[in-house]
Amino acid sequence: MRVVTLPPPPAAQAESSLEPVPADPSTRVSPPAAAVAPALRTGRAVVRRGAQLLVGLVLFSLSIAMVVHAGLGSMPWDVLSQGIARRTGYSFGTVTLVLSALVLACWIPLRQRPGAGTVANVLVIGLLVDPALAVLDRLPDPLPLAVRIALVVAGIALNAVATGLYIGARMGPGPRDGLMTGLVARTGRSVRLVRTSIEVVVVAVGWALGGTVGLGTVAFAVAIGPLVHLLLPRLSVPGGETRAGSATPGP
């Protein structure tokens, strides 16, 4: 009898013919390398935003000191800090730090969540305002009126740049911004109405306690909104943490 050997079925032929095919080195992509590029980009973005936040807060501290030192009227919240400082004997910077922490505590019932930039705002500005004032105290006293007016103008302009930088970093709004947006969310009132109401109250209380209200206060109220509106789009970085109404000035 003749034995006939049948060929294996097609599937078996396919299986037996499968052999490892070396990959083309020119087309090979290393998974770790593919994952490193996005991580590097993310890391650089975080560093950039953190550096912008820090620069903005340092300049913000200097701008506050410039306007306060001019003695022609402080920014609204600084009027309150001045008044409390004069009544308690604590330094302006200490009062600013404590007041910022108290405002931040008001976020709790409003269900606002602070970001890294919010905490940095409280600490950096509160700690740097006194040294900035000490540097300006080295200037001749009394300063000519023209120099004092120039300090106010430069301080307001610098404050607008600083506000654009730290808000544009998108790492969380300042304590006073969060208070405002939280009240807007809770009351349903407009941002303009809530912000104006808050600032009228703090200026009135600060003035009653001995804070300085004057040309600088009015100039800041009139100029800061349009200046920040102009600068913020140019200083904002993409991504990050942002909230409605956070693009309003104020530490």
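The exercises below, each with a worked solution, concern a predicted model of one protein chain.

**Exercise 1. Describe the overall make-up of the chain, beginning with its helices and strands.**

Solution. Start with the secondary structure: the chain contains 10 helices and zero strands, and reading along the sequence gives the pattern α-α-α-α-α-α-α-α-α-α. Next, turn to burial, where 40% of the 251 residues count as buried. Finally, consider the contacts between residues at least 6 apart in sequence, of which 83% join residues at least 24 apart.

**Exercise 2. Determine how the axes of helix α4 and helix α8 are arranged.**

Solution. First locate the two helices, α4 at residues 92-105 and α8 at residues 175-187, whose axes come within 8 Å and cross at roughly 30°. Angles under 35 degrees count as roughly parallel, and α4 and α8 are therefore roughly parallel to each other. The crossing in which α4 passes α8 is left-handed. As for the residues that meet, T96, L99, S100, V103 and L104 belong to α4, while P175, R176 and L179 belong to α8.

**Exercise 3. Carry out the analysis for helix α7 and helix α10.**

Solution. Helix α7 covers residues 145-168 and helix α10 covers residues 215-235, and their axes come within 8 Å, crossing at roughly 40°. That angle makes α7 oblique to α10. The contact involves residues of both helices, including V152, I156 and N159 from α7 and G216, A219 and F220 from α10. In passing α10, α7 makes a right-handed crossing.

**Exercise 4. Find which side chains form the salt bridge, and say where they lie.**

Solution. Side chains of opposite charge can pair when their charged atoms come close. The structure holds one salt bridge, in which the side chains of R195 and E199 meet at 3.1 Å, N to O. Both residues are in helix α9 (residues 191-209), where they are four residues apart, about one turn of the helix. To complete the description, check their burial: R195 is buried, and E199 is buried as well.

**Exercise 5. Work out the surroundings of D78, including the distance to the nearest side chain of opposite charge.**

Solution. Begin with its position, which is in helix α3, residues 76-88. D78 is buried yet takes part in no salt bridge, and the nearest side chain of opposite charge, that of R176, is 6.2 Å away. A salt bridge requires the side-chain nitrogen to be within 4 Å of a carboxyl oxygen. Leaving aside residues up to four places away in sequence, D78 touches I64, V68 and F92.

Notes:
Residues numbered from 1 in each chain as written. Predicted model: local features only at pLDDT ≥ 70, side-chain atom pairs only at ≥ 80, totals over all residues. Heavy atoms only, no water. Buried < 20%, exposed > 50% of the residue type's maximum accessible area, 1.4 Å probe, protein only. Lys, Arg positive; Asp, Glu negative; His and termini not counted. Contact = heavy atoms within 4.5 Å. Axes fitted to C-alpha atoms, helices over the stretch in contact; angles between N-to-C directions. Parallel < 35°, antiparallel > 145°, perpendicular 65-115°, else oblique. Left-handed = near helix turned anticlockwise from the far one by under 90°.
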